[in-house]
Amino acid sequence: MRVILLGLVLLLFTVSWCEDTVSTCPQDACQNKLTEETSCDMIPVSCLNNKDAAKVYSDCHYGATVTFNYTYIQECLPYIPDRCKSITSRDSQCKYCFQMDEKYYSCDNTASTCNPKSSASDMMITVICEVNAEVICKPPRIFHRKVACSYTTGKSWSTALLLSITLGGFGADRFYLGYWKEGLGKLFSFGGLGVWTIVDIILISVGYVAPVDHSLYILT
């Protein structure tokens, strides 16, 4: 019994260690993201042994295009496409990660408390951003940035309205928008005997009911 408990503790420690330290388990990143069709310049930086990066950054001028020479980390080699194994250099820009163009990083707005519908149009919020896995840039790779209080999490207005019209009596529209409590209420009351369903169709059609995180609809 003690041996089993010890094994479980070691397993949990290993999983936690891998989750907290990306570079410790780079083969996981490669195994999950790389296929034979993957472009060679999309291989994650965590799989590159870029020893000359410090010297390149110390010698380059801001914004200049620079070439980084690297080798592949041993654990990643089984997952690197064969056609990429002979490619040992990649061009990037002489910039910190937070200075890269917006297309090279993504930001998480879900932790913000802003409401795009009710906040001032010029309101700015601080979000956490992370540069894309394949981008070579000067660390840190995770950084904060101020952005306008206007974002979307991908909820479609037309999808919400269609669900409200067709399956609103079962709460599908509310579930889709993140209101799971109201969704359960509609489900077990058969859409409030139809009244709630009709009201939600109107409210969603005029945009009064939006996603639960206050994000904006995408109009598709």
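## A walk through the strands, loops and helices

In β4, Ser89 is the bridge partner of Asn69. That little pairing is a handy place to start in this predicted model, and it belongs to a bigger arrangement: strand β2, residues 65-69, pairs with β4 in the antiparallel sense, over five bridges. β4 itself runs through residues 89-93. Look at its two faces and you'll find Arg90 and Ser92 on the covered one, with Ser89, Asp91 and Gln93 on the uncovered one. In a regular strand, side chains alternate between the two faces of the sheet.

Let's step back for a moment. The protein chain has eight helices and seven strands. It is 220 residues long, and 33% of them count as buried. If you take the contacts in the chain with a separation of 6 or more, 60% of them come from residues 24 or more positions apart.

Now on to another set of strands. β5, β6 and β7 make an open sheet in just that order, and the pairing is antiparallel. β5 and β7 stand at the edges with a single partner strand each, so one side of each has no neighbour in the sheet. From one strand to the next, the twist averages 40 degrees.

How are these strands stitched together? β5 and β6 pair over four bridges, while β6 and β7 do so over seven bridges. You can follow a path across the sheet residue by residue: Asp108 has Ile128 of β6 as its bridge partner, and Ile128 in turn has His144 of β7. Right by Ile128 in the sequence comes Cys129, which stands opposite Phe143 in β7.

β6 has two faces to look at as well. Ile125, Val127, Cys129 and Val131 make up the covered one, whereas Met124, Thr126, Ile128 and Glu130 make up the uncovered one. So Ile128, the residue with His144 as a partner in β7, is on the uncovered face, and Cys129 is on the covered face.

The loops are worth a visit too. Asn132 is found in the loop between β6 (124-131) and β7 (142-148). What does Asn132 touch, leaving aside its neighbours within four places in sequence? Its contacts are Lys103, Tyr104, Tyr105, Ser106 and Arg141. Take Tyr105 from that list: it is 27 residues from Asn132 in sequence, yet their C-alpha atoms are 5.1 Å apart in space.

Another loop, between β4 and β5 (105-108), is home to Tyr96. Is this residue buried or exposed? Tyr96 is partly exposed, because its relative accessible area of 33% falls between the 20% and 50% cut-offs. Apart from neighbours within four places in sequence, Tyr96 is in contact with Cys137, Lys138 and Pro139. Pro140 is 44 residues away from Tyr96 in sequence, with 7.6 Å between the two C-alpha atoms.

Last stop: a pair of helices. Helix α4 covers residues 157-167 and helix α8 covers residues 195-205; their axes come within 9 Å and cross at roughly 165 degrees. That angle is over 145 degrees, so α4 and α8 are roughly antiparallel to each other. Their crossing is left-handed. On the α4 side, the contact is made by Trp157, Ala160, Leu161, Ser164 and Ile165. The α8 side brings in Thr197, Asp200, Ile201, Ile204 and Ser205. Sorted by class, the contact has six nonpolar, three polar and one charged residues.

Note on methods:
Residues numbered from 1 in each chain as written. Predicted model: local features only at pLDDT ≥ 70, side-chain atom pairs only at ≥ 80, totals over all residues. Heavy atoms only, no water. Buried < 20%, exposed > 50% of the residue type's maximum accessible area, 1.4 Å probe, protein only. Pairing = 2+ DSSP bridges. Contact = heavy atoms within 4.5 Å. Axes fitted to C-alpha atoms, helices over the stretch in contact; angles between N-to-C directions. Parallel < 35°, antiparallel > 145°, perpendicular 65-115°, else oblique. Left-handed = near helix turned anticlockwise from the far one by under 90°. Nonpolar A, V, L, I, M, F, W, Y, C, P; charged D, E, K, R; others polar.
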